[in-house]
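Hi,

Here is the structure I said I would pass on. Have a look at it first, and my notes follow underneath.

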Amino acid sequence: MVAIKQQLVKRTNRISAGKNLINYITIHETANTNKGANAQAHANLQSNGNSREASWHYQVDDKQVIQSFSDLAICWHAGKGNRQSIGIEICVNQDGNYAKAVGNAIALVKILMARYNLNVSRVVQHNFWTGKDCPHFLRNGKKGINWNQFKSKLNNSNISAGDYLVLKYGDVGDRVKLYQDKLKCAGYKIDVDGSFGPAMLKVVKQFQKDNGLAVDGYLGPDTQKTLNKVVKDIKNAKEVDELTKYMDEVLPPTQQKDAADLFEKAHKDGYFSDNHAPKTKTMTRRQYYDLKESLEIREKLNKKVE
Ligand SMILES: [Zn+2]
């Protein structure tokens with residue numbers, strides 16, 4: 001399994017309230033061929049407050065995978081796909097190796113498919129949701145690998161989540177890794193090393209106890225089904241709740257002045273009638289950013305007309 005580095009964004013106005021249903025995985029390419037436009041650069045962009053009205057869960061280049069948001073966060077990358085998919089950006093920087101970046105993306109997608117029990121038919125292009133020509137190079141195949149080839153590599157995954165083989169103390173291999181990954185996602189402290197040793201046995205028993213299952217230490221069908229459900233339902237829910245709460249807090253006084261200016265400008269432009277008197281003192285961050293965004297879009301549209 002490819003190592004996933006976490007650089008989680010703690011403060012953002014680039015996600016929606018609620019929890020991602022995770023029915024799909026959406027594949028993107030960054031479309032930024034500049035030197036240095038790698039995964040770290042894109043992760044930093046998200047950490048530092050993306051100027052674009054966008055966000056995504058993972059960015060992948062030829063060297064690493066970096067996670068920016070909990071899988072359960074509703075990021076802004078795929079229109080109506082936002083509420084039900086995990087977004088992955090593949091870097092296309094000219095100083096990176098595209099084939100290797102795609103290889104890392106495949107490894108990541110396999111982990112996510114197994115983690116959330118998703119079939120390969122649930123791996124889709126950004127284009128699927130919005131019609132945009134993204135992922136550009138995978139769509140036209142000009143960099144040596146096309147979409148069908150990408151999908152075929154997901155098919156022969158050696159980690160399948162569909163069957164419920166019993167895993168037990170002493171077992172080793174990818175299926176053990178898969179369930180270690182799920183236990184970790186469910187909030188248990190465990191190494192993802194592919195070995196079902198004493199530490200894992202203890203964790204499995206704890207999980208069974210916590211979920212009202214028979215405490216036998218065997219990872220059989222019941223335990224696996226329950227674990228799959230737990231992972232899908234509560235993974236990082238706390239973190240998402242915190243972000244959501246943050247967005248719904250009233251704007252701090254330092255930003256209230258900004259908001260008042262924004263309102264005044266909008267009012268002058270005829271964007272608001274007198275009925276929409278500034279209520280900046282009770283305005284939440286979400287309302288503020290929504291307003292800011294709609295004004296920016298309006299400005300852009302006006303410019304196009306001119
Ligand atoms: Zn895209």
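**Notes on the predicted model**

Let me start with Phe-263, which counts as buried because it has 21 C-beta neighbours inside 10 Å, and the cut-off for buried is 20 or more. Keep in mind that this is a predicted model. Phe-263 sits in helix α10, the stretch covering residues 253-268. If you want a partner to look at alongside it, try Leu-291: it is 28 residues away from Phe-263 along the chain, and the two C-alpha atoms are 8.4 Å apart.

Now to the sheet. It is open, has 6 strands and mixed pairing, and reads β1-β5-β4-β7-β3-β8 in order. At the edges you'll find β1 (4-6) and β8 (123-125), each of which pairs on one side only. On average, neighbouring strands here are turned by 30 degrees against each other, ignoring direction.

For a closer view, go to β3 (residues 24-29) and β7 (residues 85-90): they run parallel and are joined by 6 bridges. One pair to click on is Ile-25 with its bridge partner in β7, Ile-86.

Two helices pack on this sheet. Helix α1 (residues 39-47) touches β4 (58-60), β5 (65-67) and β7, and its direction makes about 155 degrees with that of β4. Helix α2 (residues 98-115) touches β3, β4, β5, β7 and β8, with its direction at about 165 degrees to that of β7.

Cheers

Methods. Residues are numbered from 1 along each chain as its sequence is written. This is a predicted model: local features need pLDDT of at least 70, side-chain atom pairs count only at pLDDT 80 or more; totals for chains, interfaces and linings use all residues. Two strands pair if DSSP finds at least two bridges between them. Helices (H or I, at least four residues) and strands (E, at least two) are DSSP runs, numbered from the N terminus. Axes are lines fitted to C-alpha atoms, for helices over the stretch in contact, and angles run from 0 to 180 degrees between N-to-C directions. Two residues are in contact if their C-beta atoms, placed from the backbone, lie within 7 Å. A residue is buried if 20 or more other C-beta atoms lie within 10 Å of its own, exposed if 12 or fewer, and partly exposed in between; C-beta atoms are placed from the backbone.
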